Amino acid sequence: MKRIRTRFAPSPTGYMHIGNLRTALYAYLFAKSQGGDFILRIEDTDRARYVPDAVEFIERTLAAAKIIPDEGPHHGGNFAPYVQSERMDIYKKYAEQLVESGHAYHEDGAIRQKMPRVGETTFYDVLHGNITIANSELEDQVLLKSDGMPTYNFANVIDDHLMEVSHIIRGTEFITSTPKHVLLYEFFGWELPTFIHLAPVMGKAEDGTVSKLSKRHGATSFNDLIEAGYLPEAITNYVALLGWSPKNSCQEIFSMDELIANFSLDGLSKSPAVFDYAKLDWMSGEYFKAMTDENFAAVADKYLAGYDKIFLASLLKTRVAKLSDIPAMIAFLKELPPFDIELFTNKRNKVTPQKSAEILAPAIKILEQVDLWTLDTLNEKISAFVAESGLKVGAVMWPLRIALSMQKVTPGGVTEILYLLGKETSLDRLNAALEKLQ
RNA sequence: GGCGCCUUCGUCAAGUGGUUAAGACACCGCCCUCUCACGGCGGGUUCAAGGGUUCGAAUCCCUUAGGCGUCACCA
């Protein structure tokens, strides 16, 4: 059987769109699941759009996502060069060959492909089956531009053949130009690769409309997501499920190795998928929860400066969707938000501002007596106070939490916050709140 | 506009002629809890519409509608 070889062929734009990342992922997963090769090829034939250092950017991004090319500009391989601008003589040779055989012609310093005017061209796509397009829909394509560079439609065919790519995995936007490629393969007498055209990744705008995922939908590049504080593994995992699902399994959390082991082409979806940040948040949270306090403290390090990192990590890792959520969650430790009497009202625990004052006063007395400011002692004292007062635990905790943090949601319980704040600050805040409540 | 692709809960999706149409996220409710989170339990007119074929259709065929893509010396 022919060796499975796939490729990811981005143009160097300095931006790794999530849809591109997914294409790369699927090409990688398919190759690896079949024991084949995954190639990185740079399609930099548009000089106007070239961005310096974009190749390194792409390589770094793939590395971060753990998508490792077997061949590429800096990965070695027997089919170098893997950068199209370095292969100009190759394209020229094949273009001239087409001119000689009568399948192309010169015009305005460029070489154009001569399309048949009648008949139709059919090709097989793994996801869509046979697709037929009338040749009359095809126009005489430019193969070699007047600046000597090939067009995508030409270079892509030449390289895929020369690099022995067996499966072309790319976006649906290429479906309608595939007949042109097929014709080229036929002109040269080359064997056709297998086509797999992936549905696009969509984004949902605030007004509810759905369109191809783009910057208007917020953070949509791998790097945007990393900067927001999602783990690369979580992003890759989520993106993998956006258009693919495992057979005979409901598993959703996958390591890269598990993805490779479970991947198969028939699990691919042919309809567009909407990128859902809520689900990404959930999945990301699953990854954080599975981490040890130490590991979480390490990835969240820069957000934890100035605190007992490991302790804070233990409180935060079950509540965080993305690392950039952290500052807002712990800002109250440094500075108490403005007093808001509304917060002292809580129906569930039957707490009101007035009731809060009644609870706070004796609680402060108790805490003032505490010399050993540790979690255990604090917990013990508060529990005793609760038992003595005959109130529900929640009724006591609520006003304390609000007075200490001025927010309904905090990382950790009241005991942890008291501990984190220290005795002096805790009592200052408690007294200040009591004063305002009275 | 021509051509092409797509259409199962709000979202990701399983499903390939006979199922109570899985599961997950989100949402809502309840429970637990030191609030939130975590955890547990439960809930929801989901097969775009209309025609066929068939004893039987989300699954096969046709039509319609909508969405997306493509018609570059961009990829």
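## A tour that starts at the RNA

Select Lys145 and RNA strand B: a polar side-chain atom of Lys145 lies 2.9 Å from a phosphate oxygen of the strand. Keep in mind as you click around that this is a predicted model.

**Stop 1: around the RNA.** Stay with RNA strand B and pick Ser245. Here too a polar side-chain atom sits by a phosphate oxygen of the strand, at 3.1 Å. Now try Thr410, where a polar backbone atom is 3.3 Å from a base oxygen of RNA strand B. Which elements give two or more residues to the surface near the RNA? Colour these: strands E4 (110-113), E6, E10 (201-204) and E12 (273-274), plus helices H9 (277-289), H15 (393-405) and H16 (414-421).

Next, show everything around the RNA. You should find 58 residues surrounding strand B, and the closest are Thr45, Glu252, Arg348, Arg401 and Gly412. Sort that surface by class and you get 21 nonpolar, 17 polar and 20 charged residues. What do the RNA atoms within 4 Å of the protein belong to? Sugar or phosphate accounts for 71% of them, and bases for the rest.

**Stop 2: a hairpin.** E6 was in your colouring, so select it again (residues 129-134) together with strand E5 (residues 120-125). The two strands pair in the antiparallel sense over 6 bridges. They make a hairpin, with 3 residues between them. To see one bridge, click Asp125: its partner in E6 is Gly129.

**Stop 3: the sheet with E4.** E4 also takes part in an open sheet of 3 strands, in the order E3-E4-E7, with antiparallel pairing. The edges are E3 and E7 (142-144), each pairing on one side only. Look along the sheet: neighbouring strands are turned by 40° against each other on average, ignoring direction. E3 and E4 are joined by 4 bridges, and you can check one spot by selecting Tyr105, which stands opposite Arg112 in E4. Now add helix H3, which packs on this sheet and touches E3, E4 and E7. The direction of H3 makes about 105° with that of E3.

While you're here, click Asp108 in the loop between E3 (104-107) and E4. Asp108 has a positive phi of about 50°, although it isn't a glycine.

**Stop 4: two crossing helices.** Keep H3 (residues 88-100) on screen and add H4 (residues 152-162). Their axes come within 10 Å and cross at roughly 105°. Angles of 65 to 115 degrees count as roughly perpendicular, so H3 is roughly perpendicular to H4. Show the side chains where they meet: Ile90, Tyr91, Tyr94, Ala95 and Leu98 from H3, against Phe154, Ala155, Ile158, Asp159 and Leu162 from H4. How do these residues divide by class? There are 9 nonpolar, no polar and 1 charged.

Before moving on, look in the loop between helix H2 (54-64) and H3, where you'll find Pro81. The peptide bond from Ala80 to Pro81 is cis, with omega near -5°.

**Stop 5: one more sheet.** Go back to E10 and E12 and add E11. These form an open sheet of 3 strands in the order E11-E10-E12, with mixed pairing. E11 (210-212) and E12 are the edge strands, each paired on one side only. Zoom in on E10 and E11, which pair in the antiparallel sense over 3 bridges. For a last click, choose Met202: its bridge partner in E11 is Lys212.

Technical notes:
Residues numbered from 1 in each chain as written. Chains lettered and ligands numbered in written order. Predicted model: local features only at pLDDT ≥ 70, side-chain atom pairs only at ≥ 80, totals over all residues. Heavy atoms only, no water. Pairing = 2+ DSSP bridges. Near = heavy atom within 4 Å. Polar contact = N/O pair within 3.5 Å; in protein donor to acceptor, adjacent residues only side chain to side chain. Nonpolar A, V, L, I, M, F, W, Y, C, P; charged D, E, K, R; others polar. Axes fitted to C-alpha atoms, helices over the stretch in contact; angles between N-to-C directions. Parallel < 35°, antiparallel > 145°, perpendicular 65-115°, else oblique. Contact = heavy atoms within 4.5 Å.
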